[in-house]
Amino acid sequence: MTSIQAQPFPYTFDPRRTALVIIDMQRDFIEPGGFGESLGNNVALLSAIVPACRAVLDAWREVGALVVHTREAHQPDLSDCPPAKRNRGNPSLRIGDEGPMGRVLVMGEPGNQIIPELAPVAGEIVIDKPGKGAFYATPLQGFLQEREITHLVFMGVTTEVCVQTSMREANDRGYDSLLLADCTESYFPQFKASAIEMIHAQGAIVGWTADSASLLAALAAPG
Ligand code: C5J
């Protein structure tokens, strides 16, 4: 077992039973011209975490533990996109509209691809999710059960939307989850800070939080 310093108390896990879950590091959210920017957000904030995410991904791959990538992605006919999700608000581009990186949040489009720095490699799981949570309407839980995964380490965007939703879904399904605080970001810094506090408050009511340095040190330590 490996134990790392975390909030609100140390996080203990067995890498063979733990998956690294990277939420929605896709061009739609990280690069200009995608869904994130169409909602009026400054996407430059999010790209700042890419080097830290890459360092963790490299170390995780070195250990040989399971990696899961998610994308917020809809079928081309939008049959899995509730009208309420598509029609809400006044974005400059709606889900399914043609934008500078192809159709927004649609499977297979350039903007829906994971950024090259974190691109999946053979053997890693890629989950296309129609909702904010990684479990809703996806095969994720079955894949984790088949591999006897009990612990999840989260990175990705955005902290208070898809990351937090996925951690809450994981918590309700019995997984012990850790969020790497310097490997997640929000378009709203105050929402990131609040989400992190909410996750580890009340004795880890949703899960644990830690900096990636703690995890990297533990992964590098001789087993
Ligand atoms: C959002 C996400 N913010 N990946 N998606 O719409 O957090």
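This report walks through a predicted model of one protein, from its overall form down to single residues.

## The whole chain

Let us start with the big picture. Counting along the model, you will find 9 helices and 10 strands. The radius of gyration is 17 Å, close to the 17 Å that the globule rule gives for 223 residues, so the protein is as compact as a globular protein of that length. If you lay the C-alpha trace along its principal axes, it spans about 50 × 35 × 30 Å.

How much of the protein is buried? Of its 223 residues, 53% count as buried. The contacts tell us about the path of the chain as well: among those between residues at least 6 apart in sequence, 73% join residues at least 24 apart.

## Surface and charge

Now for the outside. The accessible surface comes to about 9,700 Å². Carbon and sulfur atoms own 53% of that surface.

The protein carries 17 positive and 26 negative side chains. The centres of these two sets lie 3 Å apart.

## Two nonpolar cores

In soluble globular proteins, nonpolar side chains tend to be buried together. In this model, the largest nonpolar core has 44 residues, and those with the most contacts inside it are Met25, Trp60, Leu178 and Leu215. Several elements each supply at least two residues of this core: strands S2 (11-13), S3 (18-23), S8 (151-157), S9 (176-185) and S10 (208-210), together with helices H1 (27-30), H4 (50-63) and H9 (212-220). Which element gives the most? That is H4, with 6 residues. Apart from this core lies another, of 24 residues, and its members include Val21, Leu144, Ala181 and Ile199.

Leu178 is a good residue to click on if you want to look around the larger core. Leaving out residues up to four places away in sequence, Leu178 touches Ile4, Ala6, Tyr11, Leu152, Val153, Phe154, Met167, Trp208, Thr209 and Ala210.

## Unusual backbone spots

Most residues other than glycine have a negative phi, and most peptide bonds are trans. A few places in this model do something else, and they are worth finding in the structure.

Where are the cis peptide bonds described here? One runs from Gln7 to Pro8, with omega near 5°. Pro8 sits in the loop that links strand S1 (2-4) to strand S2. Another cis bond joins Val157 to Thr158, with omega near -15°. Thr158 belongs to the loop between strand S8 and helix H7 (159-172).

Two residues have a positive phi without being glycine. Asp24 has a phi of about 55°, and the residue lies in the loop between strand S3 and helix H1. For Ala137, phi is near 60°, and Ala137 is placed in the loop from strand S7 (125-129) to helix H6 (140-146). Is each of these residues buried or exposed? Asp24 is buried, with a relative accessible area of 0%, whereas Ala137 is exposed, at 55%.

## Far apart in sequence, brought together in space

Pro8 also turns up in a long-range pairing. Its partner, Gln202, is 194 residues away along the chain, and the two C-alpha atoms are separated by 8.5 Å. Gln202 is part of helix H8 (residues 189-204) and counts as exposed, at 66% relative accessibility.

Another pairing involves Ala73, in the loop between strand S4 (66-72) and helix H5 (83-87). The C-alpha atoms of Ala73 and Pro130 are separated by 5.5 Å, although their positions lie 57 residues apart in the count along the chain. Ala73 is buried, because its relative accessible area is 1% and the cut-off for buried is under 20%. Beyond its neighbours within four places in sequence, Ala73 is in contact with Asp80, Leu105, Met107, Asn112, Asp128, Lys129 and Pro130.

## Around Arg71

Finally, take a look at Arg71, which is found in strand S4. What is its relative accessibility? The value is 17%, so Arg71 counts as buried. Setting aside residues within four places in sequence, its contacts are Asp24, Gln26, Asn112, Gln113, Ile114, Val126, Ile127, Asp128 and Lys129. Notice that Asp24 is one of these contacts; this is the buried residue with the positive phi.

Technical notes: Residues numbered from 1 in each chain as written. Predicted model: local features only at pLDDT ≥ 70, side-chain atom pairs only at ≥ 80, totals over all residues. Heavy atoms only, no water. Helix = DSSP H or I, 4+ residues; strand = E, 2+ residues; numbered from the N terminus. Rg over C-alpha atoms; globule rule 2.2 N^0.38 Å. Buried < 20%, exposed > 50% of the residue type's maximum accessible area, 1.4 Å probe, protein only. Contact = heavy atoms within 4.5 Å. Areas by Shrake-Rupley, 256 points an atom, 1.4 Å probe, with all protein chains shown as cover. Lys, Arg positive; Asp, Glu negative; His and termini not counted. Charge placed at Lys NZ, Arg CZ, Asp CG, Glu CD. Core = buried A, V, L, I, M, F, W, Y, C linked by side-chain atoms within 4.5 Å.
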